[in-house]
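Morning, everyone. I'd like to walk you through one model today. Have a look at it first, and then we'll go strand by strand.

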Amino acid sequence: MTDAESTDTENTDAENTGEGGADRRWDGAELDLDAYLARIGHTGDRSPTEANLRALHRAHVLGIPFENLEIVLGRPVPLGLPALQDKIVRRARGGYCFEHARLFAAALERLGFGVGGLTSRVGMGSGRVRPATHAVLRVETAETADTGRVWICDVGFGGSPLEPVELADGARTSGSGWEFRLERRTAPQGATASVGEWVLHERRGAGEDWCDLHTFTLDPRYAIDWEVGSHYVSTHPRSPFVRRPIVQRTGPDVRQALYGASWVTTARADGSRRVRELRPREVPEILGDVFGIELDAADAEALAGAVERLPADGGPIGVPAG
């Protein structure tokens, strides 16, 4: 091997292993912070405090919808920050969990929060072990060094909590009647070992049963790990995201959801639901009027055609996307 070849190999290895920690960060320095904050409607303080984290989390969840339309339209889902800024910030579109978490991580990092990535297994009360294909964040604030309090931010679930949940057994957060609770439990790993897991539960109103939404460990995940997970859920034929449009928008009092051609409105106060079946040509109009997603004429036509070709049964209705 020549000296030049040796140098090239060393450079490549350094890039692949993230020498210097670059691959462990979230590209916050590349973010157009003013544009992002305008997109979510945050005009308040920018210091990395607990109060500001709550405000940013709430603004992001309320301001940016969940959607998988690029997949349905046959396009890739790039997770690089320039692509996310163009799609979600400049063109005012939404995204699914990896896109939401990647953008929010960059914003928090830019603002001085300590940010770590995690992946979670969406269960939705099934009791089954499913792939770890949901992205969440572990976040430290300016107060963490003194208080030890750390937060889980889940801005990309579709039916996300409005505010972060403290990483503590039994910690809760609520919003307009819907509660979220974090539980720490131990899962067996063979005959003699076990691993600590965290489960996020949801309850839609007093007297309702708790539903386990997703389960995660604290093993760190980086942007490259999310690239792998995103590729799987955006291309695998068994993924729900390749079968039909899934769009959700969280409001202070209601959740709006679109599953194929089924438009579901769920009231936070009592959990009541209204379901309306749309004609395929109505779907792009509802996307604009209800979800704040404006498609150009070509994409609107292509999406209506995709909805028209969906199987008659369409699958289950009202399952939040992760």
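Let's start at a turn. β10 and β11 are joined by a hairpin, with 3 residues making the connection. Keep in mind throughout that this is a predicted model.

How many bridges join β10 to β11? There are 5, and the two strands run antiparallel. One contact to pick out on screen: Val-247 sits opposite Leu-258 in β11.

Now the loop itself. Pro-252 lies in the loop between β10 and β11. Is Pro-252 buried or partly exposed? Its relative accessible area is 40%, so Pro-252 is partly exposed. Look across from there to Leu-162. Pro-252 and Leu-162 are 90 residues apart in sequence, yet their C-alpha atoms are 8.3 Å apart in space.

Move along to β11. Of its 6 residues, 5 are buried, so β11 is largely enclosed by the rest of the structure. Remember that buried means under 20% relative accessible area.

Next strand over. β11 pairs with β12, again antiparallel, and over 6 bridges. Tyr-259 has Ser-262 in β12 as its bridge partner. The hairpin of β11 and β12 has 2 residues between the strands. Which residue there takes a positive phi? Gly-260 does, near 65 degrees.

Stay on β12 for a moment. That strand covers residues 262–267, and Thr-265 lies in it. Thr-265 has 10% relative accessibility, so Thr-265 counts as buried. Thr-265 and Arg-249 are 16 residues apart along the chain, and 9.8 Å separates their C-alpha atoms.

Now zoom out to the sheet. What is the strand order? It is β1-β10-β11-β12-β13, an open sheet of 5 strands with antiparallel pairing. The edges are β1, residues 66–67, and β13, residues 273–277. Each has a single partner strand, so one side of each is left without a neighbour in the sheet.

Let me take the β1 edge. β1 pairs with β10 in the antiparallel sense, over 2 bridges. Glu-67 stands opposite Val-247 in β10. We have met Val-247 before, opposite Leu-258 in β11. Put those two together and you can step across three strands: Glu-67 faces Val-247, and Val-247 faces Leu-258.

On to another group of strands. β2 spans residues 114–122, and pairs antiparallel with β3 over 8 bridges. Leu-118 stands opposite Val-136 in β3. β2 also pairs with β9, residues 211–216, antiparallel and over 3 bridges. There, Arg-121 has Thr-215 in β9 as its bridge partner.

Now the interior. The largest nonpolar core has 47 residues. Which members touch the most others? Tyr-36, Leu-108 and Leu-137 do. Several elements give two or more residues to this core, among them α2 (33–40), α3 (50–63), α6 (97–111) and β3 (132–140). β11 (254–259) is on that list too. The largest share, 10 residues, comes from α6.

What about empty space? The count is 2 cavities of 30 Å³ or more. I'll describe the second largest. That cavity has a volume of about 70 Å³. It is lined by 13 residues, and the closest to its centre are Val-61, Ile-64, Val-155, Gly-158 and Thr-250. Which strand gives the largest share of this lining? That would be β10, residues 246–250, with 3 residues. By class, the lining has 6 nonpolar, 6 polar and 1 charged residues.

Last item: cysteines. How many disulfides does the structure hold? The number is 0. Two cysteines are worth clicking on. Cys-97 has a relative accessible area of 1%, so Cys-97 is buried. Cys-211 comes out at 24%, so Cys-211 is partly exposed.

Quick recap before questions. β10 pairs with β1 and is joined to β11 by 5 bridges. β11 goes on to pair with β12. β10 also gives 3 residues to the lining of the second largest cavity. β11, with 5 of its 6 residues buried, gives residues to the largest nonpolar core. Over to you.

Definitions and conventions
Residues are numbered from 1 along each chain as its sequence is written. This is a predicted model: local features need pLDDT of at least 70, side-chain atom pairs count only at pLDDT 80 or more; totals for chains, interfaces and linings use all residues. Side-chain values use heavy atoms; hydrogens and water are left out. On a 1 Å grid over the protein atoms alone, a cavity is a set of points where a 1.4 Å probe fits but cannot get out, and a pocket is an open set with protein on both sides within 12 Å along at least five of seven lines; lining residues have an atom within 4 Å of a point. Grid points are joined across faces, edges and corners, and a volume is the space filled by probe spheres set on the points. Helices (H or I, at least four residues) and strands (E, at least two) are DSSP runs, numbered from the N terminus. Ala, Val, Leu, Ile, Met, Phe, Trp, Tyr, Cys and Pro count as nonpolar, Asp, Glu, Lys and Arg as charged, and the others, Gly among them, as polar. Two strands pair if DSSP finds at least two bridges between them. A disulfide is a pair of cysteine sulfur atoms within 2.5 Å. Buried means under 20% relative accessible area, exposed over 50%, partly exposed in between (1.4 Å probe, protein chains only). A nonpolar core is a set of buried Ala, Val, Leu, Ile, Met, Phe, Trp, Tyr and Cys residues joined through side-chain atoms within 4.5 Å.
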